[in-house]
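Grab your viewer and work through these exercises on salt bridges, backbone angles and helix packing. Each task comes with a solution that goes step by step.

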Amino acid sequence: MLHDPGSYSEPLIIDHIDLSNKEKDVLRRLTDEIAGIAALPVHKEKAVLWRKLNDLEPERPMVWINEIPWHEMNVNDELTLQCQDPWARDLETKLRRAIYQWKHMPADMVINPWIECPLAIHSTDFGIVEDVEIARTDPNNDIYSRHFNIQIREPEDIEKIHLPKVTHYEKTTEVTFETMKELFSDVIEVRKVGQTHIWFTPWDYLIRWWGIEEAMIDLVMRPEMVHDAVDRMVDAWMVELDQFEEQNLLSLDCNNTRIGSGGYGYVSDLPGEDFNPERVKPKNMWGCSNAQIFSSVSPEMHWEFAIQHDMRWLSRWGLVYYGCCEPLDKKIDILRRIPNLRKISVSPWNNLPLILSEIGSNYVASIKPNPACFLDSNWEPEVVYKELQDKVQCAASNKTPAEIIMKDISTVQYHPERLWQWSDLVMKVVTQ
């Protein structure tokens, strides 16, 4: 999403952008490099392969790497920023990371022959700002341990969850758009892009306010309170989505947009036959949900306290992705009740043969290898290669369309070449 429902951020308001000649040169040089990469025919070829996968007619498993520990990746100053202006630094970061990933660990990534200008959309928080204590082992890492202090204890505390307000700061959008056109229009097309895929996960945020042990006990001891809280969270997301739609701020995600916790969204069924390109609606897009905290909750309770509530949200979308880190190998029966379900997360915590036998050829399995393989004590390329082979062969034996998604990579122990090698190994496996 554009915001974290548990944190408040000020809207980004830009009246003008005044870049130095050096900053303009840096951004133009990087954009020129992106344009050259995007012109390669392989990107159209990969887009077709992703589309076939999501159409349940795959030619082979597809591969994508995401959630990269960028603080450990810099080699030969490839990621060292040269711009000073905050807006320019954000754009420079995106460009450098795309070029870096294409150079070192592309897998099946797709780079567009245009550059995106995001609409300046701001959504308020959901009323409860996280009260958190942080513990870091690496000061440069964005991933760290957090202890959340409880803020929902009694039924009346549910009223702390507010309904958000969405605002489009059109002047900021126009300022950034005109600046980008001036800089890049002779090199690459600039396109305005609104809100694409929305990360919808009520329990991910609710648990930060409630407490894990406390919430799990309340599933049994105070079920009505839990139902009321989840309903309120879904209300908040639904109100936000209504505003995105009413203000015409949605953009298609059936492209190289990340869907759920998986890969790209290319698919033939979207945006649909009744699509109006001037007004994108949720039914033209992908939806998603998960309940990661329900890893050890029974299928019946998972349905009652999570998916049953999610159905109000999931029914609005053209296609649906479900799951993240929670094991779902014993819950496929309840997932089949989700309308337009197309992709299912297969985290490392699943019994892979079991879940793939349940998925069969009916859905795409979004298989996530364990990123712990990059730790010093675990980095054994031969073992990694064999494990990847086993995963791909298991999918093939069950005729299951599959994507291999390496994510949640908190560290590679400052050995970026391990991730590069993993990319080479997995591509060798899926193209054999």
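**Exercise 1. Find the partner of Glu245 in a salt bridge, and place both residues.**

Step 1: Glu245 pairs up with Lys281, and their closest N and O atoms are 3.4 Å apart. That fits the rule, which asks for a side-chain nitrogen of Lys or Arg within 4 Å of a carboxyl oxygen of Asp or Glu.

Step 2: The pair links distant parts of the chain, 36 residues apart, with Glu245 in helix H7 (residues 223-246) and Lys281 in the loop between H7 and strand E8 (286-289). Those labels are DSSP runs numbered from the N terminus: helices are H or I with at least four residues, strands are E with at least two.

Step 3: Now the accessibility. Glu245 counts as buried because its relative accessibility is 17%, while Lys281 counts as partly exposed at 30%. The cut-offs are under 20% relative accessible area for buried, over 50% for exposed, and partly exposed in between (1.4 Å probe, protein chains only).

Before you go on, a word on ground rules: this is a predicted model, where local features need pLDDT of at least 70 and side-chain atom pairs count only at pLDDT 80 or more, while totals for chains, interfaces and linings use all residues. Residues are numbered from 1 along each chain as its sequence is written, and side-chain values use heavy atoms, leaving out hydrogens and water.

**Exercise 2. Do the same for Asp376 and its salt bridge.**

Step 1: The partner is Arg418, with 2.9 Å between the closest N and O atoms.

Step 2: Asp376 sits in the loop between strand E11 (364-367) and helix H11 (381-397), and Arg418 in helix H12 (residues 416-430), so to speak a link between distant parts of the chain, 42 residues apart.

Step 3: Asp376 is partly exposed at 47% relative accessibility, whereas Arg418 is buried at 9%.

Step 4: For the wider picture, the rule gives a count of 28 salt bridges. Glu67, Arg258, Lys407 and Asp408 are joined in a network of them.

**Exercise 3. Check the span of H7, then look at the backbone just after it.**

Step 1: H7 has 24 residues, and the expected span is 1.5 Å times one less than the number of residues. That gives an expected 34 Å, and the reach from first to last C-alpha is close to it at 34 Å.

Step 2: Just after H7, Asn248 takes a positive phi of about 60 degrees.

Step 3: Pro271 is in the loop between H7 and E8. The peptide bond leading from Leu270 to Pro271 is cis, its omega near 10 degrees.

**Exercise 4. Is Ala107 buried or exposed, and what is its phi?**

Step 1: Phi of Ala107 is positive, about 45 degrees, although the residue is not a glycine.

Step 2: Ala107 belongs to the loop between helix H3 (86-104) and strand E2 (114-118), and it is buried with a relative accessible area of 6%.

**Exercise 5. Describe how H5 packs on H6.**

Step 1: The axes of H5 (residues 202-210) and H6 (residues 212-221) come within 7 Å and cross at roughly 105 degrees. Axes are lines fitted to C-alpha atoms over the stretch in contact, and angles run from 0 to 180 degrees between N-to-C directions.

Step 2: That makes the two helices roughly perpendicular, a label for 65 to 115 degrees; under 35 is roughly parallel, over 145 roughly antiparallel and the rest oblique.

Step 3: Trp203, Ile207 and Trp210 in H5 meet residues of H6 including Ile212, Met216 and Leu219, where contact means heavy atoms within 4.5 Å.
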